[in-house]
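Let's take a walk through this structure together, starting at its surface and then stepping back to the whole chain. Keep the 3D view open as you read.

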Amino acid sequence: MTARVASIEKASIFVASAKDYAEAGIRRIGYEIECSPYWSHSLQSYFASFVPHFLLDAWRLSIGIRRSRHIITPHHPIHLPN
């Protein structure tokens, strides 16, 4: 589930397997408008709630840009500035 997008090869304490994440998500249906169904993501969200949004957005953008350089394939060449 995350290998291609986030360059994560296997589940860990903060990365759920596809099966575990789907099961956690299904258990939360109908309880909240928005949620982080996997326990470690909820913990991360809690601590992130104390950080200003503009800092979180800048951090997430930098991660996305770095990871995008690793997922480009010969079939989908994209030229990104260094």
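In this predicted model, a nonpolar patch of about 690 Å² sits on the surface, and its members are Phe-14, Trp-39, Leu-43, Tyr-46, Phe-47 and Phe-50. A good place to begin looking is Phe-47, which belongs to helix H3, the run of residues 39-48.

How open is Phe-47 to its surroundings, buried, partly exposed or exposed? Its relative accessible area is 49%. Since the partly exposed class runs between 20% and 50%, Phe-47 is counted as partly exposed. A value over 30% is also what a residue needs to join a patch, and Phe-47 with its 49% meets that condition.

Now turn to the rings themselves. A pair of aromatic rings is described by two quantities, the distance of the centres and the angle of the planes. The structure holds two such aromatic pairs. One of them joins Tyr-46 and Phe-47, with 5.2 Å from centre to centre and 70° between the planes, an edge-to-face arrangement. The pair of Tyr-46 and Phe-50 is edge-to-face too, with centres 5.2 Å apart and planes at 90°. Both angles earn that label because edge-to-face calls for over 60 degrees between the planes. Tyr-46 takes part in the pair with Phe-47 and also in the pair with Phe-50, and Tyr-46, Phe-47 and Phe-50 form one aromatic cluster.

How accessible are the partners of Phe-47 in this cluster? Tyr-46 has a relative accessibility of 48%, so this residue counts as partly exposed. Phe-50 reaches 58%, and because the exposed class starts over 50%, Phe-50 is classed as exposed. Each of these three aromatic residues is also a member of the nonpolar patch described above.

With that region in mind, zoom out to the full chain. Its secondary structure consists of four helices and zero strands, which reads along the sequence as α-α-α-α. Of the 82 residues in the protein chain, 13% count as buried. The accessible surface of the chain amounts to about 7000 Å², and carbon and sulfur atoms account for 64% of that area.

Finally, consider how the chain meets itself. Taking contacts between residues at least 6 apart in sequence, 36% link residues at least 24 apart.

Notes. Residues are numbered from 1 along each chain as its sequence is written. This is a predicted model: local features need pLDDT of at least 70, side-chain atom pairs count only at pLDDT 80 or more; totals for chains, interfaces and linings use all residues. Side-chain values use heavy atoms; hydrogens and water are left out. Patches are made of residues with over 30% relative accessible area and no salt bridge: like charges are joined within 9 Å, nonpolar side chains (Val, Leu, Ile, Met, Phe, Trp, Tyr) within 5 Å. Accessible areas come from the Shrake-Rupley method with a 1.4 Å probe; for residues, only the protein chains shown count as cover. A salt bridge is a side-chain nitrogen of Lys or Arg within 4 Å of a carboxyl oxygen of Asp or Glu. Helices (H or I, at least four residues) and strands (E, at least two) are DSSP runs, numbered from the N terminus. Buried means under 20% relative accessible area, exposed over 50%, partly exposed in between (1.4 Å probe, protein chains only). Contact means heavy atoms within 4.5 Å. Rings of Phe, Tyr and Trp (its six-membered ring) pair if their centres lie within 6.5 Å; planes under 30 degrees apart count as stacked, over 60 as edge-to-face and the rest as tilted.
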